[in-house]
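Colleague: I would like to learn how to read side-chain contacts in a model. Could we go through one together, step by step?

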Amino acid sequence: MQVVAFPSIEVISESQIDQERLQREIEVEKKRAMDEGQPEERAQKIAEGRVNKEFLSAAVLLNMAWFLEPKKKVSEVIGDMKILRIVRMQAGGTPLDCSL
């Protein structure tokens, strides 16, 4: 149900995120922080924090808040179980098929 409820899910685990995409997200957030008047060193840390909080928690299934108990992450709810594959089909949209 988590996969259906949150269409922003792209991957199961953080290790599956494309590193180039992650760097692009960090650069966008760094520029945003610098535009807000932050020095470059601080902007880098702010960018990494924003990417972790906003991007990774929305795109990575295991990093997401569990929809029934938002204070817990999916990884905490499933414990030692492993998610090997998620599949989401939607009418008129691009299907998601992600495996570990």
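Modeller: Gladly, and let us start with one side chain and the cut-offs for exposure. This is a predicted model, and in it Phe67 has a relative accessibility of 27%, which lies between the limits of 20% and 50%, so Phe67 counts as partly exposed.

Colleague: Which residue forms an aromatic pair with Phe67, and how are the planes of the two rings arranged?

Modeller: For ring pairs one looks at the distance between the centres and then at the angle between the planes. The structure holds 1 aromatic pair, formed by Trp66 and Phe67, whose ring centres are 5.1 Å apart and whose planes meet at 55°. Because that angle is neither under 30 degrees nor over 60, the pair is described as tilted.

Colleague: Now to charged side chains: how many salt bridges does the structure hold?

Modeller: The structure holds 9 salt bridges, and for each of them one reads the distance between the closest nitrogen and oxygen atoms, which has to be within 4 Å. Take Asp35 and Lys31 as one of the cases: their closest N and O atoms are 3.1 Å apart.

Colleague: Where do Asp35 and Lys31 lie relative to one another in the helix?

Modeller: Both belong to helix α2, which covers residues 19–35, and because they are 4 residues apart there, about one helical turn separates them. As for the surface, Asp35 is exposed with a relative accessible area of 57%, and Lys31 is exposed as well, with 51%.

Colleague: Which salt bridge links distant parts of the chain?

Modeller: Consider Glu36 and Arg50, whose closest N and O atoms are 2.8 Å apart. This pair links distant parts of the chain, since Glu36 sits in the loop between α2 and α3, whereas Arg50 sits in helix α3 (40–59), 14 residues away.

Colleague: And are Glu36 and Arg50 buried or exposed, or somewhere in between?

Modeller: Here the two partners have to be read separately: Glu36 is partly exposed, at 45% relative accessible area, while Arg50, at 17%, falls under the 20% limit and is therefore buried.

Colleague: Which residues are linked with Glu36 and Arg50 in a network of salt bridges?

Modeller: Glu29 and Arg32 join them, so that the network of salt bridges links Glu29, Arg32, Glu36 and Arg50.

Colleague: May I try the pair of Lys72 and Glu69 myself? I read that they form a salt bridge with the closest N and O atoms 3.7 Å apart.

Modeller: That is the right reading, and the accessibilities complete it: Lys72 is partly exposed at 37%, and Glu69 is partly exposed at 40%.

How values were computed:
Residues numbered from 1 in each chain as written. Predicted model: local features only at pLDDT ≥ 70, side-chain atom pairs only at ≥ 80, totals over all residues. Heavy atoms only, no water. Phe/Tyr/Trp six-rings, centres within 6.5 Å; stacked < 30°, edge-to-face > 60°. Buried < 20%, exposed > 50% of the residue type's maximum accessible area, 1.4 Å probe, protein only. Helix = DSSP H or I, 4+ residues; strand = E, 2+ residues; numbered from the N terminus.
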